[in-house]
Amino acid sequence: MKSNGTEYREKRLKVWQARGIKISGWQEYEDMYWAAEGKCEVCNTPLALEYDVNLETARLDHNHETGEPRAILCNIHNRFMWPLEQYGEDELIGIANFIVQKMIHTTPPESISGDLRGMEAHEGIITPEGRKNAKGSGK
């Protein structure tokens, strides 16, 4: 007889595979979860690895075209990212600039210099420093 945890894991894997997510198994998901320190990679909200009545369960964000897993996110940010896949790199940088300039700062701080286009992208993430990759290590 399977434990509830095993049944839950098997069910999640079947759902992911049915959605075309290319994940090798539960361990790959778990590795991504721990690499994200058990938090949404956008807002740092603590997330549960498996179902927990006290915490939101981590969502496995993925590229809908290729099926490749990308990140561990909360439900809100997972749903927010999907529509952005339709845009090209220049449009996404424009969206990021808009958010920084119009929604966060009325006058961008010097460290941002008013435009993210000149900054370097590493693993698809543009940082104000322009020198850190997704894991935060230097270039």
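This is a short dialogue on reading salt bridges and a surface patch in a predicted model.

Reader: How many salt bridges are there here, and what counts as one?

Author: The idea is a side-chain nitrogen of Lys or Arg within 4 Å of a carboxyl oxygen of Asp or Glu. By that rule you get three salt bridges.

Reader: Okay, which parts of the chain does the Arg9 and Glu50 pair tie together?

Author: Start with the contact itself: the two side chains, Arg9 and Glu50, meet at 2.5 Å, N to O. Arg9 sits in helix H1 (residues 4-18), while Glu50 is in the loop between helix H2 (26-35) and strand E1 (59-62), so the pair ties together parts 41 residues apart in sequence.

Reader: Is Glu50 buried or exposed?

Author: Buried means under 20% relative accessible area. Glu50 counts as buried, at 19%. Its partner Arg9 is partly exposed, at 31%.

Reader: And which residues are linked in a network of salt bridges?

Author: Asp61, Arg70 and Glu85. Arg70 meets Asp61 at 2.8 Å, N to O, and for Glu85 and Arg70 the closest N and O atoms are 2.7 Å apart. That second pair links distant parts of the chain: Glu85 lies in the loop between helix H3 (75-84) and H4, Arg70 in strand E2 (residues 69-73). As for cover, Asp61 is buried at 5% relative accessibility, whereas Arg70 is partly exposed at 36% and Glu85 partly exposed at 29%.

Reader: What about the nonpolar patch on the surface: which residues form it?

Author: For a patch, nonpolar side chains are joined within 5 Å. Here Phe98, Ile99, Met103 and Ile104 form one, with about 410 Å² of accessible area together. Phe98 belongs to helix H4 (residues 89-104) and is partly exposed, at 45% relative accessible area.

Terms used. Residues numbered from 1 in each chain as written. Predicted model: local features only at pLDDT ≥ 70, side-chain atom pairs only at ≥ 80, totals over all residues. Heavy atoms only, no water. Patch = residues over 30% accessible without salt bridge, like charges linked within 9 Å, V, L, I, M, F, W, Y side chains within 5 Å. Areas by Shrake-Rupley, 256 points an atom, 1.4 Å probe, with all protein chains shown as cover. Helix = DSSP H or I, 4+ residues; strand = E, 2+ residues; numbered from the N terminus. Buried < 20%, exposed > 50% of the residue type's maximum accessible area, 1.4 Å probe, protein only.
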